[in-house]
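The exercises below are to be worked with the sequence and the coordinates side by side. Each task is followed by a solution that goes step by step.

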Amino acid sequence: MRRPLGDAFFRPNYASDYSMPKVTFVKEKITVDAAEGEDIRTIARKNGVQLYAGPHKIVNCMGNGLCCSCDVIVKKGSENCSSKGLLESANKWINPLLGLKMLSNPEEDVRLGCCTKVHGDVEVETNPPINWHGDKFWN
Ligand code: FES
């Protein structure tokens, strides 16, 4: 469709009206724009944020939700993230390391970066620790 003459001067630029989700990586202290529905792993990789620790920097499942090495804690904006799928939910029982992280951080929203799509602003913490000394770990 052809734009009417003078359109650029009198009408707002609709492309800039869409607000892009902002993802803040707390440890790295950076905030980046993301595309609607983009997963946290992709956003991190695009912006040079390392989600993986140790050997997983080289060996991982490349975002297929199988290795559980891209785990993050969603500090704020959980409501702006996609809900957990069957694979992500099952991984807590299959992968002991992810299960320990979830058990030891019961108040936190531990998610897999590659399975978590953002639809609004979120704050995430990469490489969450296992909270061995947490109040509720041994209960
Ligand atoms: S990259 Fe393997 S589970 Fe996310």
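**Exercise 1.** How many helices and how many strands does the chain have, and in which pattern do they follow one another along the sequence?

*Solution.* The model is a predicted one, and its chain has 5 helices and 5 strands. Read along the sequence, these elements give the pattern α-α-β-β-α-β-α-α-β-β.

**Exercise 2.** Determine the order of the strands in the sheet, and explain which strands stand at its edges.

*Solution.* Step one is to set out the strand order, which is β2-β1-β5-β3-β4 in an open sheet of 5 strands with mixed pairing. Step two is to look at the two ends of that order: β2 (30–33) and β4 (109–112) each have a single partner strand, and therefore one side of each is left without a neighbour in the sheet. From one strand to the next, the twist averages 35 degrees.

Step three takes up one pairing in detail. Strand β1, residues 22–25, runs parallel to strand β5, residues 122–126, and 3 bridges join the two. Within this pairing, Val23 has Val122 of β5 as its bridge partner. As a general point, strands of a sheet pair through backbone hydrogen bonds, either parallel or antiparallel.

**Exercise 3.** Which residues of the largest nonpolar core touch the most other members, and which elements give two or more residues to this core?

*Solution.* Begin with the chain as a whole, where 26% of the 139 residues count as buried. The largest nonpolar core holds 24 residues, and Val23, Ile40 and Val124 are those that touch the most other members. Two or more residues come from each of β1, α3 (40–46), β3 (71–76), α5 (96–104) and β5.

Next, follow Ile40 outward: leaving aside residues up to four places away in sequence, Ile40 touches Val23, Val72, Gly113, Thr116, Val118 and Val124. For the chain overall, among contacts between residues at least 6 apart in sequence, 71% join residues at least 24 apart.

**Exercise 4.** At what angle do α4 and α5 pack, and which residues meet there?

*Solution.* First, helix α4 (residues 86–94) packs against α5 at an angle of about 95 degrees, and the axes are 6 Å apart. Since angles of 65 to 115 degrees count as roughly perpendicular, α4 is roughly perpendicular to α5. Then, for the contact itself, Asn91, Lys92 and Trp93 in α4 meet Leu98, Gly99 and Met102 in α5. Sorted by character, the residues of this contact of α4 with α5 divide into 3 nonpolar, 2 polar and 1 charged.

Terms used
Residues are numbered from 1 along each chain as its sequence is written. This is a predicted model: local features need pLDDT of at least 70, side-chain atom pairs count only at pLDDT 80 or more; totals for chains, interfaces and linings use all residues. Two strands pair if DSSP finds at least two bridges between them. Helices (H or I, at least four residues) and strands (E, at least two) are DSSP runs, numbered from the N terminus. Axes are lines fitted to C-alpha atoms, for helices over the stretch in contact, and angles run from 0 to 180 degrees between N-to-C directions. A residue is buried if 20 or more other C-beta atoms lie within 10 Å of its own, exposed if 12 or fewer, and partly exposed in between; C-beta atoms are placed from the backbone. Two residues are in contact if their C-beta atoms, placed from the backbone, lie within 7 Å. A nonpolar core is a set of buried Ala, Val, Leu, Ile, Met, Phe, Trp, Tyr and Cys residues joined through C-beta atoms within 7 Å. Angles under 35 degrees count as roughly parallel, over 145 as roughly antiparallel, 65 to 115 as roughly perpendicular and the rest as oblique. Ala, Val, Leu, Ile, Met, Phe, Trp, Tyr, Cys and Pro count as nonpolar, Asp, Glu, Lys and Arg as charged, and the others, Gly among them, as polar.
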